[in-house]
Amino acid sequence: MKLGFSTLSLFLKPLDEILDTAKRDGFEVIEILSEGPYAAYNIEKNDEIIKISDKGNIEINIHGPTVDLNLASINEGIRRESVKQTIETIDMANKIGANAITVHPGKIGRKDDKLRKYALDLAVESIGQCVDYGKEHGNIKISVENLPERYSFLGNKVEEIEYIQENTDSKITIDTGHANTCKDCQEFFKLKNIEYFHINDNNKIKDQHLILGEGTLDLNLLKYIDKGIIELNTYEKVLKTQELIRSLGY
């Protein structure tokens, strides 16, 4: 398994320092969480692009911005701004030689099946724009992440992720913890066009981002993972999960 981690675990650390840490500890890939200091406009403003341009053999992926954004919003202004910031992230990804950008499909404000279908089609429109822009600017892949089992979240059903992927030509990012909260957990691991996985665990009820083995995720599902990003909130937990994965022979 090609293994990496999210900058969430070292949030606020300089990106060049994070890259050095990844190399030291035997990781092959990182995912930059594009929020706060790692948002596209801050990375460019602070010359972080220069610092991470010499990344060696470390593959870089990006988690697109999500805070206060919604690619499926029925509010056109919010949706337009969400697309704009994702496109800015594509531009930044192109400059640093990143491979793919993970995006959330979006959410709805109330429990209504008609609204859900409407928002799903808006997500397809927004994500489709980003996919097209990524192809035209550096061939940056857009990868749509499955979300946890909550009615307001889109993409927590296999058929919804497939619908978005097939209608946008995007890739797919599978979050193991998000999948574990859903009834059809194993089916997420078997989807086609998966770019990579987010690796974390939970109690099958809440999105807790636990170390693997501390929750209920079936660890036999790791056999489906070719490339995984450990997505935990401390680096100590990242290393413990790395150790477990390697001890299982992945």
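Student: Is the crossing of H5 and H6 left-handed or right-handed?

Tutor: In this predicted model, helices H5 and H6 cross in a right-handed manner.

Student: What makes H5 oblique to H6?

Tutor: The axes of H5 (residues 113-136) and H6 (residues 158-168) cross at roughly 40° and come within 9 Å. Angles under 35 degrees count as roughly parallel and those from 65 to 115 as roughly perpendicular. An angle of roughly 40° belongs to neither range, and H5 is therefore oblique to H6.

Student: Which residues of H5 and H6 meet, and how do they divide by class?

Tutor: From H5, the participants are Arg-116, Lys-117, Leu-120, Asp-121, Val-124, Ile-127, Gly-128 and Val-131; they meet Glu-160, Tyr-163, Ile-164, Asn-167 and Thr-168 of H6. Six of the residues in this contact are nonpolar, three are polar and four are charged.

Student: Why are H4 and H5 called roughly parallel?

Tutor: Their axes lie 10 Å apart, at an angle of about 25°. The cut-off for roughly parallel is an angle under 35 degrees, so H4 and H5 meet the criterion. The crossing of H4 and H5 is right-handed.

Student: Which residues make the contact of H4 with H5?

Tutor: H4 supplies Arg-79, Val-83, Thr-86, Ile-87, Ile-90 and Asp-91, while H5 supplies Leu-122, Ser-126, Gln-129, Cys-130, Tyr-133 and Gly-134. By class, these comprise six nonpolar, four polar and two charged residues.

Student: Which residues touch the most other members of the largest nonpolar core?

Tutor: Phe-5, Ile-30 and Ile-127 do so, in a core of 64 residues. H5 contributes the largest share of this core, with nine residues. Beyond four places in sequence, Ile-127 touches Leu-71, Val-103, Pro-105, Ile-142, Val-144, Ile-164, Thr-168 and Ser-170.

Student: How do you know whether Pro-105 is buried or exposed?

Tutor: Its relative accessibility is 0%, and buried means under 20%, so Pro-105 counts as buried. Pro-105 sits in the loop between strand S4 (100-103) and H5. Its contacts, leaving aside residues up to four places away in sequence, include Leu-71, Ala-123, Ile-127, Val-144, Leu-154 and Ile-164.

Student: Why is Gly-77 called partly exposed?

Tutor: The relative accessible area of Gly-77 is 36%; buried requires under 20% and exposed over 50%, so this residue falls in between. Gly-77 is placed in helix H4 (residues 76-96). Its C-alpha is 24 Å from that of Ala-93, and the two are 16 residues apart in sequence.

Student: What makes the phi of Leu-12 and of Asn-139 notable?

Tutor: Most residues other than glycine have a negative phi. Leu-12 is not a glycine, yet has a positive phi of about 85°. Asn-139 likewise is not a glycine and has a positive phi of about 55°.

Student: Where are Leu-12 and Asn-139 found, and are they buried or exposed?

Tutor: Leu-12 lies in the loop between strand S1 (2-6) and helix H1 (15-24). Asn-139 lies in the loop between H5 and strand S5 (141-145). Exposed means over 50%; Leu-12, at 63% relative accessible area, is therefore exposed. Asn-139, at 54% relative accessibility, also passes that cut-off and so counts as exposed.

Key:
Residues numbered from 1 in each chain as written. Predicted model: local features only at pLDDT ≥ 70, side-chain atom pairs only at ≥ 80, totals over all residues. Heavy atoms only, no water. Axes fitted to C-alpha atoms, helices over the stretch in contact; angles between N-to-C directions. Helix = DSSP H or I, 4+ residues; strand = E, 2+ residues; numbered from the N terminus. Parallel < 35°, antiparallel > 145°, perpendicular 65-115°, else oblique. Left-handed = near helix turned anticlockwise from the far one by under 90°. Contact = heavy atoms within 4.5 Å. Nonpolar A, V, L, I, M, F, W, Y, C, P; charged D, E, K, R; others polar. Core = buried A, V, L, I, M, F, W, Y, C linked by side-chain atoms within 4.5 Å. Buried < 20%, exposed > 50% of the residue type's maximum accessible area, 1.4 Å probe, protein only.
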